[in-house]
Structure formats: structure tokens, C-alpha cells
Number of protein chains: 2
Amino acid sequence: MSVILRPSQALRLWQRVSVAEVRAEAHDLSLRQMAILLTVYLDPPPHTVRGLAARLGVTKPVVTRALDTMGAMKLLSRHRDEKDRRNVLVRRTVEGALYVERFGDGIIAAAAGLPM
Amino acid sequence: MSVILRPSQALRLWQRVSVAEVRAEAHDLSLRQMAILLTVYLDPPPHTVRGLAARLGVTKPVVTRALDTMGAMKLLSRHRDEKDRRNVLVRRTVEGALYVERFGDGIIAAAAGLPM
DNA sequence: ATTGAACGGTACGGTTCCGAAACGATCGGA
DNA sequence: TCCGATCGTTTCGGAACCGTACCGTTCAAT
């Protein structure tokens, strides 16, 4: 059961969610930050800096900086991998889970009110 | 006929499109820029700087700068309103229409492959 | 003709991000 | 015990963006 969207619906959905996010000015995450955040929350762990960089096709410092920013926002947390202390494991937080959940609700609400 | 999405589907959709955009690094628009672009392309004209700022709940310089950036990318164009020369009208461009169309296709493709 | 309001743009100092390169810490095999 | 490879982080100069405040133009009403 795939989700079928027509072009006008797809773009309208994206507009509604974007405008709502800008108006709410909750966190003002960049597209890269959002991609990292959702990957951590949706893809199965563990998540390393290098793994995330490879997944998104960006350099390591990009991921490090995004983790700095979102870490300060308490959306994610970092922990040393005790098995291999070179690695840093990125984990979810309670605040982050709440933020992601609400963001998903926003998408659903925007989709529900979409004209056919 | 509204579009029904479940939470996991909504978030997965956003992740797929975000990751694809980051990987493609086509234009790297911020959330604000995307909201402005889609509003110009989806809402009925005319679009003024002040009107867009009010629509998104941001200040004028934010819109001006976004128009500078996306104007340089040829995604939008500015024109003086000849009826009231204080106004600047924001208009679509061929390149912008193409970009928006492809972006919509990306959303549709991501939605179509969504697990139930 | 003058004045006040409305419009978009600009100047400013500060913050954040960028990519490339170098760095220290850690691991694993010779 | 080295020593190369693999981590994540930091540094660097440069670019983009932020919000506040101010500026020049244009309109409309007096």
C-alpha cells in the first residue's frame, strides 16, 4: 500500500509544512540538520559520525557541526562507543523524540487538509 | 479526498526527500527560502516583499535576502509594480518552475515507495 | 506644494556555516 | 612494541545569514 500523491498535492504539502515551521520558528533546522535528525530517529542504530556522513554524502565536519548545534538543542546526544573508543555513537533524546513526533503530526495535519 | 498519512509514513517521507535533496545538493535552500519559493509558485499572484514577509511571519530583510539569493539562482525574478512603483512584484521564472516541478516529482517518488 | 505613511533596500555587528587541511586518540596487525 | 589506518574533532579564512535600525523613493491626502 503505497501513498499516491499528485504533483499539486505534493508541492502544497511541502509548502504548508515549511510555512508552518517557519512561522512556529521552533528550531529553524537546515535541510542537512533535518536529514541527520530524521535518519537518527528512523534508521536502525548504531549511528556514527562517519556513517551519517556517508549516508548523506557530506563531509565529517558537517556532521560534527550539526551534532554540536542539535546537541545544544538537546535533540540528540553523543556517546563514546566503549567497544571501539574511536567511534562516537549518536543517540536519541527525549526532547528530540518529542520534537520529531510533533513534526510528524504537522505533516499529517497538512496532508489531511490537502485539497484533492 | 484528503491524503491520509500515518506517523511513520509522514516522517519517513520527509526523511527520504531531505536526504535525497542533500545528496543531490542541487541548490541547498533553507527552510525559509523553500517556504518563500513554494508560496510564490503555489499561491495566486501578485506577491510583494511585504506580503511574503507577513505570510511567513518574518521580517522584510529576510525576504529581501532570500530574493537576492534565489534571484541569483534564477529561481525567481523581481519587477517594479508600474501601477504603484513602491511595490516590487515577485514572479516565477522558467528555471524556477522547472526546479519546483522536479522537487515535486521527488516528493511523489518518495511517497510512492513508502512502506505501509 | 507639503507632509506623512508605506514600500523595498541597505548598513551594521554578530553569529553560524562552509570546505580543506591538520590534529590527537584509538585500534589492530606485523 | 611499533606503526599504519581509522575515528571524530578542531582550525582556518571566507561566505551567508541574522535582527535592528535607518535610508531613499513613491504615493496620497491635505
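Let me begin with chain A, whose secondary structure comes to 5 helices and 2 strands, where helices (H or I, at least four residues) and strands (E, at least two) are DSSP runs numbered from the N terminus. Along the sequence, chain A follows the pattern α-α-α-α-β-β-α, and its C-alpha atoms fill a box of roughly 55 × 30 × 25 Å, taken along the principal axes.

Before going further, I should say that this is a predicted model, in which local features need pLDDT of at least 70 and side-chain atom pairs count only at pLDDT 80 or more, while totals for chains, interfaces and linings use all residues. Residues are numbered from 1 along each chain as its sequence is written, chains are lettered from A and ligands numbered from 1 in the order in which they are written, and side-chain values use heavy atoms, with hydrogens and water left out.

Now to the two protein copies. In general, two copies of a chain are related by a rotation about an axis and a shift along it. Here a rotation of 180° with 0.0 Å of shift along its axis superposes chain B on chain A, with an RMSD of 0.0 Å; the superposition is by least squares on the C-alpha atoms of residues with pLDDT of at least 70 in both copies. The two copies are thus related as by a two-fold rotation axis, and in chain B the C-alpha nearest that axis is that of Ser30(B), 2.9 Å from it. The same surface serves both copies, in that 100% of the contact residues of chain B recur in chain A, contact meaning heavy atoms within 4.5 Å.

How do H1(A) and H3(B) meet, and at what angle do their axes cross? The axes of helix H1 (residues 7–24) of chain A and helix H3 (residues 49–56) of chain B come within 8 Å and cross at roughly 80°; axes here are lines fitted to C-alpha atoms, for helices over the stretch in contact, and angles run from 0 to 180 degrees between N-to-C directions. H1(A) and H3(B) are therefore roughly perpendicular to each other, the classes being roughly parallel under 35 degrees, roughly antiparallel over 145, roughly perpendicular from 65 to 115, and oblique for the rest. On the H1(A) side the residues are Gln15(A), Val19(A), Val22(A) and Arg23(A), and they meet Ala54(B), Arg55(B) and Leu56(B) in H3(B). By class, this contact divides into 4 nonpolar, 1 polar and 2 charged residues, with Ala, Val, Leu, Ile, Met, Phe, Trp, Tyr, Cys and Pro counted as nonpolar, Asp, Glu, Lys and Arg as charged, and the others, Gly among them, as polar.

The counterpart pair is H3(A) with helix H1 (residues 7–24) of chain B, packed at an angle of about 80° with their axes 8 Å apart.

Let me turn to the DNA, beginning with strand D. Of the 20 residues around DNA strand D, Arg50(A), Lys60(A), Arg78(A), Arg32(B) and Val62(B) come nearest, and a residue is near a strand if one of its heavy atoms lies within 4 Å of it. Of the strand D atoms within 4 Å of the protein, 68% belong to sugar or phosphate and the rest to bases. Among the polar contacts (pairs of N or O atoms within 3.5 Å; within protein, one must be able to donate a hydrogen and the other to accept it, and residues adjacent in sequence count only if both atoms are side-chain atoms), a side-chain N or O atom of Arg78(A) is 2.8 Å from a phosphate oxygen of strand D, whereas a polar side-chain atom of Arg65(B) lies 3.2 Å from a base oxygen of that strand. The largest share of the surface near strand D, 4 residues, comes from H4(B), and by class that surface has 5 nonpolar, 6 polar and 9 charged residues.

For DNA strand C, 20 residues surround it, and the closest are Arg32(A), Val62(A), Arg85(A), Arg50(B) and Lys60(B). A polar backbone atom of Arg85(A) is 2.9 Å from a phosphate oxygen of strand C, and H4(A) gives the most to the surface near this strand, with 4 residues.

Finally, some backbone geometry. Most residues other than glycine have a negative phi, and most peptide bonds are trans. The peptide bond from Pro45(A) to Pro46(A) is cis, with omega near 0°, and Pro46(A) is found in the loop between H2 and H3 of chain A. Lys74(A), although not a glycine, has a positive phi of about 65°, and lies in the loop between H4 and strand E1 (76–80) of chain A.
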